[in-house]
Every structure is written in structure tokens, then in C-alpha cells.
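This report describes how the strands of one sheet are arranged and how side chains pack around them.

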Amino acid sequence: MVMRRKKLLKYLPYEYKKSISDIDYLNLKTLGYDTIFFDLDNTIADYETHSPTSVAIDLFKTIKDLGFKIYILTNNTKKRIVKFESELGIKCFESLRKPFTSKLKRRIREHNIETSHVIWIGDQVVTDVRCAYTFNIDSILVDPIKPSTEKWYTKINRFFERRLMKKIKKNYPLEYNKLGLDERYGNN
């Protein structure tokens with residue numbers, strides 16, 4: 001039973017924020033992080049937006065000016081990410097099939113990324129937080145930008161996410177409350 005509870009911890013983020021704009025990137029730098037993995041869909045832009053907003057462009061310029069290396073990780077296709085890659089000037093890894101790790105492992109190896117200095121930012125517990133845990137990477141969970149635009153498979157993930165958070169709240173109330181997850185999940 002104890003082992004079963006511990007498995008829940010792989011779905012608990014390092015930190016929770018409402019959006020990528022609410023994150024203290026300077027603090028992340030002082031904590032020793034030098035690389036950021038960002039999810040794309042509903043983290044940087046909703047599914048209906050096909051290029052970065054001016055707010056996103058300004059934010060990513062600020063993050064780069066702090067000295068971070070930035071990568072966008074997405075399950076989406078090359079066609080979806082091409083404008084984000086060019087307009088933000090950031091390398092995107094597409095078609096990753098998160099939370100599966102084989103494609104991402106290859107990309108990390110090809111780009112000589114030291115995962116101990118990476119922070120992962122995404123909107124999904126089942127894909128982003130869980131995948132980060134697999135690589136021993138701290139993660140920041142953000143709220144989805146526009147849930148109404150999500151695909152059917154993401155809605156399934158959200159169903160499982162809510163169930164997982166209910167179990168985490170029951171078994172790890174201190175951690176759950178410290179992160180302020182009631183703001184996202186309510187009383188479950």
C-alpha cells in the first residue's frame with residue numbers, strides 16, 4: 001500500500017503557477033536552472049492559435065536574455081510548430097508522443113542537454129509532469145490557456161488528471177496544499 005502511494009508522487013509538480021507569465025524566471029536562474037523545456041499546446045498558445053502572440057514573443061525574449069536555453073516539446077506535428085520555432089527563435093521537438101520517452105531521450109542525447117539543470121513547464125499532469133519525472137526533471141504545472149479548444153484525447157487525460165489529484169490530495173495533503181492545487185482543481 002505504501003509503495004502504491006509513492007507512485008502518485010510522479011504526478012506532483014515542483015511548483016504550480018496560473019500561467020507561464022507568472023513564473024519567476026530570475027529565481028529559476030538563481031536556483032541553478034539553465035534550460036527550460038516548454039510544452040506548446042495550451043501552455044504557450046491554445047490549439048487555435050498558429051503563431052506566438054506578442055506577449056509570448058516578449059516573454060521568450062526576456063527569458064533568453066536571462067541566459068536560458070529554451071526548447072519547445074510537443075506531441076503536435078512539424079506543421080503546427082514551424083511558426084513558433086521561427087518567430088520565437090527556439091528549437092522545437094515535435095511528435096514526441098509524451099509521456100513515452102524514447103523520442104525525447106534521443107533528442108536530449110543529440111543536443112547534449114544536461115537534464116539536472118532543466119525545468120519543465122507544461123499544462124498537463126499526465127504528459128508533462130509525468131514525463132519530467134521520468135527524466136528526474138523538476139516541473140512547473142500551469143493552467144491550460146483555453147481548455148475548450150482541447151482535442152478529445154487531451155480531455156481523456158484531464159479526466160485521469162482530476163482522479164490522480166483527488167488521490168494525491170487524500171494521500172499527500174501537505175504537498176498538495178503547499179502547491180496551492182485547490183486553486184486549479186477545487187475541492188475535487
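The sheet comes first, then the nonpolar cores.

This is a predicted model, in which local features need pLDDT of at least 70 and side-chain atom pairs count only at pLDDT 80 or more, while totals for chains, interfaces and linings use all residues. Residues are numbered from 1 along each chain as its sequence is written, and side-chain values use heavy atoms, with hydrogens and water left out.

An open sheet is formed by 6 strands in the order S1-S6-S5-S2-S3-S4, with parallel pairing; strands are DSSP runs of E with at least two residues, helices are runs of H or I with at least four, and two strands pair if DSSP finds at least two bridges between them. Strands S1 and S4 stand at the edges with a single partner strand each, so one side of each is left without a neighbour in the sheet.

| Edge strand | Residues |
|---|---|
| S1 | 15-17 |
| S4 | 91-93 |

Strand S2 (residues 35-39) pairs with strand S3 (residues 69-73) in the parallel sense over 5 bridges, and Asp-39 stands opposite Leu-73 in S3.

The largest nonpolar core, a set of buried (under 20% relative accessible area, 1.4 Å probe, protein chains only) Ala, Val, Leu, Ile, Met, Phe, Trp, Tyr and Cys residues joined through side-chain atoms within 4.5 Å, has 26 residues, and Phe-38 and Phe-60 are among those that touch the most other members. Helix H3 (54-65) is one of the elements that supply at least two residues of this core, and H3 gives the most, with 4 residues. Apart from this core lies another, of 16 residues, including Leu-12 and Tyr-185.

Notes. Buried means under 20% relative accessible area, exposed over 50%, partly exposed in between (1.4 Å probe, protein chains only).
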